[in-house]
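Got your viewer open? Here is a short tour, stop by stop, with something to select at each one.

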Number of protein chains: 2
Amino acid sequence: MGRWLPDAHGRLASAALELYSERGFEQTTALEIAERAGVTERTFFRYFADKREVLFQGSQELQRIILETIADAPDDMRPIDMVVASLEKVGAQVFDRTHSIRRAAIIAANPALQERELLKFSTLSAAIAEALRERGVPDPSATLAAETGVTIFKIGFESWIAGTPSDDWVECIRETVAQLRLVTPSAISG
Amino acid sequence: MGRWLPDAHGRLASAALELYSERGFEQTTALEIAERAGVTERTFFRYFADKREVLFQGSQELQRIILETIADAPDDMRPIDMVVASLEKVGAQVFDRTHSIRRAAIIAANPALQERELLKFSTLSAAIAEALRERGVPDPSATLAAETGVTIFKIGFESWIAGTPSDDWVECIRETVAQLRLVTPSAISG
DNA sequence: CCATCTATGTCAGTTACTGTCATCAATGTA
DNA sequence: TACATTGATGACAGTAACTGACATAGATGG
């Protein structure tokens with residue numbers, strides 16, 4: 001056995017989620033998180049750039065899968081369909097529903113966390129647009145498809161969390177796309 | 001003459017903009033801003049909730065004008081056109097171009113400020129959607145028109161700052177709408 | 001002339017985060 | 001076996017963003 005318990009990163013992330021749930025984000029200090037995880041406060045900030053970042057560890061993995069899927073998509077696919085397909089793929093691999101529900105409640109209760117979430121979405125959108133451009137999709141199509149894709153992700157994620165109309169990820173994404181088609185048919189589907 | 005110089009709020013805002021420009025947002029302390037404005041640090045935090053908020057004082061006025069314009073729009077106008085009309089109206093009343101250019105450069109250089117800006121846009125979008133709903137526009141049309149409107153604002157603002165194709169606000173908004181029409185003709189214009 | 005109001009100053013306190021150096025198990029190497 | 005190196009962590013001091021509580025003094029109204 002090592003000098004310390006393994007997986008300090010994971011213990012910190014779990015401790016933070018618990019404490020943010022129990023007493024709220026602002027009412028939780030970094031010291032408290034560290035103590036519950038059995039490390040010092042300094043170690044917390046070695047793993048996470050700040051208190052908010054703990055809740056967004058999944059975003060890198062999410063982005064990685066989306067970008068890879070877009071890069072590997074067949075050439076004859078429409079850009080928006082490449083993006084939607086990558087969104088469908090992401091669900092099963094990344095999300096635990098119980099965890100996501102708790103996390104969403106924490107974020108909904110705190111503007112500082114909403115800010116961070118918006119920045120992550122903005123970053124994701126820029127990365128998707130760039131991936132599309134690398135596949136030869138010109139602007140503004142690339143940017144618009146990316147923005148639309150992120151909008152679908154947001155709304156689809158919300159409905160998956162809410163469980164309406166379904167708690168199945170792919171179904172939520174497809175239903176969201178269908179809704180959007182009703183409003184902008186010629187922009188989404190040929 | 002009063003006990004203190006008048007317009008502490010304005011002096012603080014100017015001092016902050018200067019210092020953020022000169023040495024960057026993170027390299028500027030609240031104490032330095034206060035000293036340049038001739039007040040104490042405590043007074044700075046009486047006027048502004050935090051260091052970032054100084055740069056977003058215009059957003060409330062911006063939102064007010066947009067919402068009022070939407071509320072007063074003719075009944076036969078399409079929702080998206082109500083929003084676009086409100087965006088056109090806002091420019092001359094709110095923005096000073098020199099100030100806006102400096103401000104944009106400061107924000108572009110700092111992720112924490114980008115987060116705040118995204119939150120302001122998100123808030124604006126929600127408020128526009130609500131204003132449309134109050135005029136009888138159902139969802140998801142209201143939400144989509146609001147989101148589209150904010151997108152137009154963002155891109156139009158960027159082109160106005162850049163001066164391409166014009167440094168005239170209304171022209172920038174109209175050009176952005178035209179660009180968007182090219183991509184989603186049936187969603188924007190009948 | 002007095003009471004109150006309002007904007008500000010003063011000051012102590014909490015906490016998020018950072019830089020730096022020490023420690024010590026694990027690991028590789030002679 | 002002995003010894004140097006590495007990597008994760010602890011220890012600790014420091015900065016700066018905020019916050020709360022109370023003091024002060026000019027302006028204002030009766």
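Which helix gives the most to the surface near DNA strand C? Keep in mind that this is a predicted model, then select α3(B): that helix gives the most, with 3 residues.

**Stop 1: DNA strand C.** Show the strand and the 18 residues around it. Those that come nearest are A:Arg3, A:Asp50, B:Ala8, B:Arg42 and B:Thr43. Now color α2 (30-37) and α3 (41-47) of chain A plus α3 (41-47) of chain B; each supplies at least two residues of this surface. By residue type, the surface near strand C divides into 8 nonpolar, 4 polar and 6 charged.

**Stop 2: DNA strand D.** Hop over to strand D, which 18 residues surround. The closest are A:Ala8, A:Thr40, A:Thr43, B:Arg3 and B:Asp50. Here α3 of chain A, together with α2 (30-37) and α3 of chain B, each supply at least two residues. The top contributor is α3(A), with 3 residues. The surface near strand D splits into 8 nonpolar, 4 polar and 6 charged residues.

**Stop 3: chain A as a whole.** Hide the DNA and look at chain A in cartoon view. You'll find 10 helices and 0 strands. The C-alpha trace spans about 55 × 35 × 30 Å along its principal axes. Of the 190 residues in this chain, 34% are buried. Take the contacts between residues at least 6 apart in sequence: 58% of them join residues at least 24 apart.

**Stop 4: α8 of chain A and what follows.** Select residues 141-162 of chain A, the 22 residues of α8. From first C-alpha to last, this helix reaches 31 Å, close to the 32 Å expected at 1.5 Å a residue. Just after α8(A) sits A:Gly163, with a positive phi of about 85°. Step on to the peptide bond from A:Thr164 to A:Pro165, which is cis, with omega near 5°. A:Pro165 is in the loop between α8 and α9 (169-183) of chain A.

**Stop 5: a cis bond in chain B.** Select B:Asp139 and B:Pro140, joined by a cis peptide bond with omega about 5°. B:Pro140 lies in the loop between α7 (111-134) and α8 (141-162) of chain B.

**Stop 6: Asp7, in both chains.** A:Asp7, in the segment before α1 (8-23) of chain A, has a positive phi of about 60° although it is not a glycine. Is A:Asp7 buried or exposed? A:Asp7 counts as exposed because it has 11 C-beta neighbours inside 10 Å. In chain B, B:Asp7 has a positive phi near 60° and is likewise exposed, with 11 other C-beta atoms within 10 Å.

Notes: Residues numbered from 1 in each chain as written. Chains lettered and ligands numbered in written order. Predicted model: local features only at pLDDT ≥ 70, side-chain atom pairs only at ≥ 80, totals over all residues. Near = placed C-beta within 6 Å. Helix = DSSP H or I, 4+ residues; strand = E, 2+ residues; numbered from the N terminus. Nonpolar A, V, L, I, M, F, W, Y, C, P; charged D, E, K, R; others polar. Buried ≥ 20, exposed ≤ 12 C-beta atoms within 10 Å, placed from the backbone. Contact = placed C-beta atoms within 7 Å. Expected span 1.5 Å × (residues − 1).
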